[in-house]
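Student: I have a structure open and would like to learn how to read a few of its features. Where do we begin?

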Amino acid sequence: MELSVNSTKIRIDFSFILILCLAVFSGYDNAILILIFSVLHEFGHLSALLLFGVHPYLIEFSFFGAGIKYESTLSLFKEAVVYLCGPAVNLLFYIFLKDDINLFLFILNIFPVFPLDGGRILNLIFPKAEKVITAILLVISFAFSIYLIINSHSVSLFLVTCYLILFNLRYL
């Protein structure tokens, strides 16, 4: 599904709707809250872009999450501010609402692995070392996720790590 607001296309991929439906129908009560706070996270990025006078050409929701595409004419500092504004929204909601969902979204998004916001900032600051740092962090995250599966039967970090590994295999 695709619609346009001014010169910005908003695209909602079928895979995004499918994942959301699976989460809701499987009894995952927090799926709607994660969706709402993820959209607010993206509004943080969008607000910073608009503040800097940059208009996105695409806002996309897919299996891989939400993303804003724009022509980057920003300085490194402004680009970093745009990347930080999404997690900052989740941090503010966590401070005021004291909910684990926003804390999780904040920590996840500042994790310095591409395509997360922290990984994008890492690439701005250390472009030559970003791939090596990403590989090291993914190995550590994978090992820790196995530890969590064995000791607490929690698979969330394992699933996120597998997603990040698969996503980064294209770039490593």
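**Helices, strands and cysteines**

Tutor: With a pair of helices, keeping in mind that this is a predicted model. Two packed helices are described by the angle between their axes and by the distance between those axes. Here the axes of helix H5 (residues 117-125) and helix H6 (residues 130-152) cross at roughly 145° and come within 9 Å.

Student: Which residues of H5 and H6 meet?

Tutor: From H5 there are Gly-119, Leu-122 and Asn-123, and they meet Glu-130, Ile-133 and Thr-134 of H6. By type, the residues of this contact are 2 nonpolar, 3 polar and 1 charged.

Student: Next, the strands. Is E3 mostly covered or mostly open?

Tutor: In general, side chains of a regular strand alternate between the two faces of the sheet. Strand E3 (residues 58-62) is mostly covered, with 4 of its 5 residues buried.

Student: Which way do E2 and E3 run, parallel or antiparallel?

Tutor: Strand E2 (residues 8-12) runs parallel to E3, and 4 bridges join them. One bridge pairs Arg-11 with Glu-60 in E3. E3 also pairs with strand E4 (residues 65-69), this time in the antiparallel sense, over 5 bridges. There, Leu-58 has Lys-69 of E4 as its bridge partner.

Student: How many disulfides are there?

Tutor: A disulfide is a covalent bond between the sulfur atoms of two cysteines. With a cut-off of 2.5 Å between the sulfur atoms, the count is 0 disulfides.

Student: Why does Cys-85 count as partly exposed?

Tutor: Because its relative accessibility is 24%, and partly exposed lies between the 20% and 50% cut-offs. Cys-162 is partly exposed too, with a relative accessible area of 23%.

Technical notes
Residues are numbered from 1 along each chain as its sequence is written. This is a predicted model: local features need pLDDT of at least 70, side-chain atom pairs count only at pLDDT 80 or more; totals for chains, interfaces and linings use all residues. Side-chain values use heavy atoms; hydrogens and water are left out. Axes are lines fitted to C-alpha atoms, for helices over the stretch in contact, and angles run from 0 to 180 degrees between N-to-C directions. Helices (H or I, at least four residues) and strands (E, at least two) are DSSP runs, numbered from the N terminus. Contact means heavy atoms within 4.5 Å. Ala, Val, Leu, Ile, Met, Phe, Trp, Tyr, Cys and Pro count as nonpolar, Asp, Glu, Lys and Arg as charged, and the others, Gly among them, as polar. Buried means under 20% relative accessible area, exposed over 50%, partly exposed in between (1.4 Å probe, protein chains only). Two strands pair if DSSP finds at least two bridges between them.
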